[in-house]
Amino acid sequence: MMLISKFFFSLCLAMVLPVDCLSQLVVNVKNKGGDIIKEIITGNTTSDVVELQFQNTDGTIINQFIDFKSEVQIFRAYVLWEEELGFTRNKPFTLCFVSRFNKNEFISSDAMSKLRQKNPTAIRTPEEEKVPEMHIMDLQMNLKKTDVISPNIKKFCKEANITTYAKESDIKIWSQALGQDMTLLMSTVKRIHPEKYTNCKDTAAITSPCLCHYHICVGWYPCGLKYCRGKDSAGRYVSYRCGIKTCRRFLSYDFVVDKKYNCLWDDI
């Protein structure tokens, strides 16, 4: 199973980002358990997208994909099956969480292209820890229809055909920001009413639908730019870019799965 995870890890960038016009930053981050996690952050100025990927110590692969033009952020998780509980398949279970992206949450693809790594072996520590985010995903997306929001959703989440989730509150904001009809955008999703389901850990039947919980921690990412003041050649005070601000973020997702065995981590 670990071979599978390494195989998927090597393909993560190739699945969405074209080879040309890429800038890449490789960062070593120490998690709260003391383990070193390698993050790969890639930006594409032509497509105006950024992708961050890393592999947790349990083999799970996390990708964060940002489409700046469409104001879309996707977190994708390749979750390995719990072999010790008797469940195994040829490929990981895939989850996709789609949400609206606020442009002050991550530096732009253009800023990414200008970053240079002076010491690739250094262990990085974020300057700021963001307030934990809690998301109740009350919509299931139909990947065949999501191009009206962003064509990257279908490409990035193609292994998560019935496990790609969103929030109605974000659909409403996209409708206003993108100038799209709300009825059209709602036709891309199905309401799933998480409040009607029992937590998976409290559900007895392994084939019953239930409310699942999943947590993602991004240990280090460039969350903003730093500006300094100085004088230009004419002696006038000017503001100029002089570095990046780095952050850590923790996200928690609640969503409905069709069968409890697709959420066995809730029992561990």
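**Figure 1. How much of the chain is buried.** In this predicted model, buried residues account for 49% of the 268 residues in the chain. The secondary structure comes to five helices and 14 strands. Take the contacts between residues at least 6 apart in sequence, and 66% of them turn out to join residues at least 24 apart. As for the outside, the chain exposes about 13500 Å², with carbon and sulfur atoms supplying 52% of that area.

**Figure 2. The open sheet and its edges.** Here 10 strands line up in the order β7-β1-β2-β3-β4-β5-β6-β11-β10-β12, and the pairing is mixed. Which strands stand at the edges? They are β7 (123-124) and β12, and each has a single partner strand, so one side of each is left without a neighbour in the sheet. As a reminder of what holds such an arrangement together, strands of a sheet pair through backbone hydrogen bonds, either parallel or antiparallel.

**Figure 3. Strand β5, covered along its length.** Follow β5 through residues 72-79 and you'll find eight of its eight residues buried. Val72, Ile74, Arg76 and Tyr78 point one way from the strand, while Gln73, Phe75, Ala77 and Val79 point the other way. Both sets are buried, Arg76 and Gln73 included.

**Figure 4. The partners of β5.** On one side, β4 (residues 61-67) runs antiparallel to β5, and seven bridges join the two. Asp67 has Val72 of β5 as its bridge partner. The β4 and β5 hairpin leaves four residues between the strands, and Glu71 takes a positive phi near 55° there. β5 also pairs with β6 (residues 93-100), again in the antiparallel sense, over eight bridges. In that pairing, look for Gln73 opposite Ser99 of β6.

**Figure 5. The β13 and β14 hairpin.** How many bridges join β13 to β14? There are 19, and the two strands run antiparallel. Towards the turn, Lys231 has Tyr237 of β14 as its bridge partner. Five residues sit between the strands of this hairpin, and Gly235 in the turn has a positive phi of about 85°.

**Figure 6. The β10 and β12 pairing.** This close-up shows β10 (residues 139-141) and β12, which run antiparallel and are joined by three bridges. Leu139 stands opposite Arg191 of β12. Both of these residues turn up again in the next view, as contacts of Glu168.

**Figure 7. Glu168, a buried acidic side chain.** Glu168 belongs to helix α4 (residues 168-177). Is this residue buried or exposed? Its relative accessible area is 18%, which is under the 20% cut-off, so Glu168 counts as buried. Setting aside neighbours within four places in sequence, Glu168 is in contact with Asp138, Leu139, Met186 and Arg191.

**Figure 8. Ile192 in its loop.** Ile192 sits in the loop between β12 (189-191) and β13 (210-231). With a relative accessible area of 11%, Ile192 is buried too. Not counting residues up to four places away in sequence, Ile192 touches Met137, Asp138, Leu139, Gln140, Tyr165, Tyr197 and Val256. One of those contacts, Val256, is 64 residues away in sequence from Ile192, yet their C-alpha atoms are 7.1 Å apart in space.

**Figure 9. The largest cavity.** Rolling a probe the size of a water molecule over the atoms shows where empty space is left. The count comes to one cavity of 30 Å³ or more. The largest cavity holds about 70 Å³ of space. Of the 10 residues that line it, Val79, Leu80, Trp81, Tyr261 and Trp265 are the closest to its centre. The lining of the largest cavity divides into eight nonpolar residues, one polar and one charged.

**Figure 10. The second largest pocket.** This pocket has a volume of about 300 Å³. Which residues line the second largest pocket? They are Leu25, Val27, Leu115, Arg116, Gln117, Lys118, Arg124, Thr125, Trp220, Ile244 and Thr246. The elements giving two or more residues to this lining are β1 (22-30) and β14 (237-257). By residue type, the lining of the second largest pocket splits into five nonpolar, three polar and three charged.

Technical notes. Residues numbered from 1 in each chain as written. Predicted model: local features only at pLDDT ≥ 70, side-chain atom pairs only at ≥ 80, totals over all residues. Heavy atoms only, no water. Buried < 20%, exposed > 50% of the residue type's maximum accessible area, 1.4 Å probe, protein only. Contact = heavy atoms within 4.5 Å. 1 Å grid on protein atoms, 1.4 Å probe; cavity = no way out; pocket = protein on both sides within 12 Å on 5 of 7 lines; lining within 4 Å. Points joined across faces, edges and corners; volume = space filled by probe spheres on them. Nonpolar A, V, L, I, M, F, W, Y, C, P; charged D, E, K, R; others polar. Areas by Shrake-Rupley, 256 points an atom, 1.4 Å probe, with all protein chains shown as cover. Pairing = 2+ DSSP bridges.
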